[in-house]
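Work through these exercises with the model open in a viewer. Each task is followed by a solution in steps.

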Amino acid sequence: MLKVEHLTMVYPDGTIALRDVSFEVRKGEFMGVIGLSGSGKSTLLRCINRLLEPTEGKIIWQGRDITHVEEAELRAVRREIGMVFQQFNLVKRSSVMTNVLSGRLGYTPPSWSLINRFSRKDRERAVTALKRVGIPDKANNRADELSGGQQQRVGIARALMQEPKIILADEPVASLDPVLAHSILGHLEDLNKEDKITVLCSLHFLDLVQRYCTRVIGLREGRLVFEGGKEDIGQLSDKRFKEIYGEEAQRLGAR
Amino acid sequence: MANHLPAAPKGSPLHAILSLIVPGLGQFVARARSRGLTILASVLILGGLSIWTIAQEARFPNYELSFSIYVKLVLETGFLLVFLLSLRYLLTKFVFRDPAAEAFGTYGIAILFFLALILAQEPILSMAGRPEDLAQVYTGTALYSAAALAALWFWQVIDAGRVGALADENKLPSMAGAILIMCLLIFALGYNITDFDLPKAIREYKDISILFPRILWPWKEAFAYDQEVVEEFQLIQAPCPEGESGPPSNEPDPDEPWISATPTCGEIGVRDLSGGFAPGTELTITGGNFTPGMEVHILWKNPIGNPFVPRGVGETDITIDENGEFTTKLSIPSVVIPESTAAGAQIHTLVVREESEEVFSLRLSDEMKLALVGILETIMIGLMATFFGILLAFPLSFLAARNLMAPIVLPLQDLVGSIAGLAIGILLGAFATGQIAPILGGLEQAPIPIFLIALLLVITLGTLGFQWGGRLLGSLLKNLGTNASRIISALILGAMLAVPGYYLGQAFSRGALSIVVGEERAAASEVLLAYAGAVVVALLGISFGLLNRNPRGIPFGSLIYAITRTILNIVRAIEAIVYVVIFVIWVGLGPFAGTIALTLHTIASLAKQYSEAIESIDPGPLEAVNATGATRLQTIVYAVVPQVVPYFISFTIYRWDINVRMSTVLGLVGGGGIGFLLIQWQRLYQWELVGISLWLIAITVATLDYVSSEIRKRYV
Ligand SMILES: Nc1ncnc2c1ncn2[C@@H]1O[C@H](COP(=O)(O)OP(=O)(O)OP(=O)(O)O)[C@@H](O)[C@H]1O
Ligand SMILES: [Mg+2]
């Protein structure tokens, strides 16, 4: 479904964030991305929907090379790719409803949406999405009145509005406490199992990876250093672990 | 205790001497190049400025004279300084014999120097030039600035010695002393140039002290006063030709006030050139039925009807007796009769006027009403300027926000296609407007609808052209391969740029060239230059297209950003009051000129502030909305606008506040509003009315200040 080939990303200041990364995500997978802070997880996810322009390599989405597609096509691709962020990235001063509806912008004729007009269908869809993540009663609240966990649910609802084929989640639970983390990842798992939405999710904690992911890739200093199935994570030897997380790393959080 | 003389600072005499001859040379030779050059430049500039300044005393400045006086003064004060320093040296060495007793250090020298200058002012100046020469310069300023320059010269000689002896040129001694001296010198000049005169401000306080009460408490003039006025008339003929007896004398009236005079025909008083005055015929004036005890006033109206108080021909303020009657004598005053009206009988009017006491009424005086209208106008100018300012500043601010514009990179062919489309769209819009205009009755008949239609057509067609042009050319060239499409796009760009290039060449020939070589020869080469301009600009465009190596295309957004910012900065640099000076020529005196001027400044200021607010937004939501596949415009509406609204409101209200404040002064140069009244009343010495204007301005601005800060508190 999604193939990344020899991806290299160099920031304008010369930082090499990704070096020759290749892997494939198959349909229906819940794939985890692990790695230390600064290993390039966020950069990788942002290259996939071209929020960042890769320096070299290819992104193949459903058999099509989208590395260089132009704006109009790019928008069409982007609306199939939902994205969930660590900092939620909601428009804080807008209502929850508007935030959720903004996920639909890729489908709306630009001129209509400019004056805040969405079709009735879209509004119904938004209510359904909010129900799905368990906060239908918050539709008219301002986004910044919500707790962190609720805000992330709005983030997921916004991604849902895109009717995505894949959701890219960049450490979706890193700013939440463990209980909330499970509830949010539970929602993603639910989408993955029920709606067959593929998920590519970067995570910090190994136990979360073990609990939710079907496959994992590991990054270290921009290089792909690990790729394996669910079972492989459990049997991750100390040696392999240190390869991913570096010499000093402790197995904190891993059981 | 041992006699510790201060270790003489090690110095290099050679470098010191060099600097004595040419300031900064010693430092320069000692490889402190920039220090040496700085010193030389400072001495030259400050010396030159001083000479120029002191020469301005004369109506026709004599710079040579001023130069010679100044140089002599520098030398004299220099010797004085050296004398003081030697004195210190001798005292320290032979009298005190104790380095700790070096009673006057640098500060001591400075104070002594200053005192010596004050005390010896006369002899020093008289040595510098003859009195009639000295009368042609500002002597005080000359003396002190010359002394400062001498001190600077002296300092840099010492400094050259120190710098020359220095092994390590990195550790240059501080220049604080020199900088202090320069500041003093500049202060001395500034004191002169600004005519700074504190004693004068105190001396002439009494001039303003009379006015202060009238300005500070002007409210008497704010109200109208009721007053009953009774005026009675008697017609008088003057001069009195032979045989005429003049108009009839009034008969006493039994009920109403009346006056009458005899005779009613007489000669006009004559004022001769030497100031002597021969009164005219004496009239006896009687009257009755006035209010007993009141004072009545006699006025004279000349044949044209202008009244005045006759002087030197008799009593004009007369008290009525207990019967309500009076009798008085008055000679016919001197009345200048214009030749144009000199023909025929000259009938004057004698007026007796009784005014009752002024009774305070709650009605506002006419001037107060005018002032209120003025302040309202002022507020409205500020309001309108802010309003129009927002309309234009809002869209501009997005173009001037780096975080929104920098990511816009267009492939060359798209950009070229878009520009072509834009140009075609605008031309089509203009053409269509030209077709529609006659149907609506021409520009004279319906200017506003035509203007709106033009705006609408040009903007819509331009935008459509911009969008479709890019897509069209993009898809046309898509299959040609990168290089071929790049070359073709570059050629098209060149061809398009040739048009403005042509006009640029033409303008150059008409403007710049005709100044240098004269109009005729410039006209001869005009066509040639126009084509040359076209070719040069086209070549520039082509090479711009071909040389751009950015794989993703042209950083169009950054280009627009830079252009917008530059224009905004230039427009903003000029204050509204300066724009008014131009706009009153264009649209005439009055509030409209003020409004346009203020609008212009507001657009630039607001756009700058808005764009800074946009640049400071949280990029997260922007990224998130962008990732959903939204267009750029949608992203702006959903992710940017909600974030910046509070700042925009705050800036806008603050700008309104500033604009009202500004519009109070726009009137001073003809921009309408209260300032316009203020400056007129000031010229008429109507100090109460000036006071009323000032009060109204103060009240309005303070109120607005408070309201705007309260509103802004709510939003940010
Ligand atoms: N805008 C940027 N400009 C320059 N360098 C950047 C930029 N963003 C990230 N980097 C660098 O790229 C590298 C990878 O960063 P990235 O944010 O992808 O890591 P990450 O794995 O997501 O880390 P974290 O777990 O802390 O989010 C880091 O060295 C980082 O410093
Ligand atoms: Mg990250």
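**Exercise 1. The shell of ligand 1**

Task: In this predicted model, find how many residues surround ligand 1 and which are the closest.

Solution.
- Step 1. Count the shell: ligand 1 is surrounded by 14 residues.
- Step 2. Pick out the closest: Ser37(A), Gly38(A), Ser42(A), Thr43(A) and Glu171(A).
- Step 3. Sort the shell by type. Three of its residues are nonpolar, eight are polar and three are charged.
- Step 4. Assign the shell to elements. Helix 1 of chain A, residues 41–48, gives the most, with three residues.

**Exercise 2. Polar atoms around ligand 1**

Task: Which N or O side-chain atoms and polar backbone atoms lie by the nitrogen and oxygen atoms of ligand 1?

Solution.
- Step 1. Start with nitrogen. A nitrogen atom of ligand 1 is 3.3 Å from a side-chain N or O atom of Tyr11(A).
- Step 2. Turn to oxygen. The side chain of Ser37(A) has an N or O atom 2.5 Å from an oxygen atom of ligand 1.
- Step 3. Check the backbone. A polar backbone atom of Lys41(A) is 2.9 Å from an oxygen atom of ligand 1.
- Step 4. Add the area. Ligand 1 taken alone exposes 630 Å², and the protein buries 63% of that.

**Exercise 3. Helix 1 of chain A**

Task: Decide how many of the eight residues of helix 1 of chain A are buried.

Solution.
- Step 1. Apply the cut-off: buried means under 20% relative accessible area.
- Step 2. List the residues that pass: Lys41(A), Thr43(A), Leu44(A), Leu45(A), Arg46(A), Cys47(A) and Ile48(A).
- Step 3. Conclude. Seven of the eight residues are buried, so helix 1 of chain A is largely enclosed by the rest of the structure.
- Step 4. Look past the helix. Arg50(A) follows, and its phi is positive, near 60°.

**Exercise 4. Cysteines, paired and unpaired**

Task: Find which cysteines a disulfide joins, and work out its handedness.

Solution.
- Step 1. Apply the cut-off: the two sulfur atoms must lie within 2.5 Å.
- Step 2. Count over all chains: there is one disulfide.
- Step 3. Name the pair. Cys240(B) is joined to Cys265(B), S to S 1.7 Å.
- Step 4. Read the torsion. About the S-S bond of Cys240(B) and Cys265(B) it is about 115°, so the disulfide is right-handed.
- Step 5. Place the ends. Cys240(B) sits in the loop between strand 2 (229–237) and strand 3 (258–262) of chain B, and Cys265(B) in the loop between strand 3 and strand 4 (270–271); the two are 25 residues apart.
- Step 6. Check burial. Cys265(B) has a relative accessible area of 10%, so Cys265(B) is buried.
- Step 7. Test another candidate. The sulfur nearest to that of Cys201(A) belongs to Cys213(A), 6.2 Å away, and Cys201(A) is in no disulfide.
- Step 8. Check burial again. Cys201(A) has 0% relative accessibility, so Cys201(A) counts as buried. Cys213(A), also in no disulfide, counts as buried at 0% relative accessibility.

**Exercise 5. Cis peptide bonds in chain B**

Task: Where do cis peptide bonds join Pro239(B) and Pro263(B) to their partners?

Solution.
- Step 1. Recall the background: most peptide bonds are trans.
- Step 2. Take Pro239(B). A cis bond joins Ala238(B) and Pro239(B), with omega about -5°. Pro239(B) is in the loop between strand 2 and strand 3 of chain B.
- Step 3. Take Pro263(B). Thr262(B) and Pro263(B) are joined by a cis bond with omega about -15°. Pro263(B) is in the loop between strand 3 and strand 4 of chain B.

**Exercise 6. Arg104(A)**

Task: Is Arg104(A) buried or exposed, and what does Arg104(A) contact?

Solution.
- Step 1. Locate the residue. Arg104(A) is in the loop between helix 3 (96–101) and helix 4 (110–113) of chain A.
- Step 2. Compare with the cut-off. Its relative accessible area is 6%, so Arg104(A) is buried.
- Step 3. Find a polar partner. A polar side-chain atom of Arg104(A) lies 2.7 Å from the backbone oxygen of Met161(A).
- Step 4. List contacts beyond four places in sequence. Among them are Phe118(A), Asp122(A), Arg125(A) and Glu163(A).

Definitions and conventions. Residues numbered from 1 in each chain as written. Chains lettered and ligands numbered in written order. Predicted model: local features only at pLDDT ≥ 70, side-chain atom pairs only at ≥ 80, totals over all residues. Heavy atoms only, no water. Near = heavy atom within 4 Å. Polar contact = N/O pair within 3.5 Å; in protein donor to acceptor, adjacent residues only side chain to side chain. Areas by Shrake-Rupley, 256 points an atom, 1.4 Å probe, with all protein chains shown as cover. Helix = DSSP H or I, 4+ residues; strand = E, 2+ residues; numbered from the N terminus. Nonpolar A, V, L, I, M, F, W, Y, C, P; charged D, E, K, R; others polar. Buried < 20%, exposed > 50% of the residue type's maximum accessible area, 1.4 Å probe, protein only. Contact = heavy atoms within 4.5 Å.
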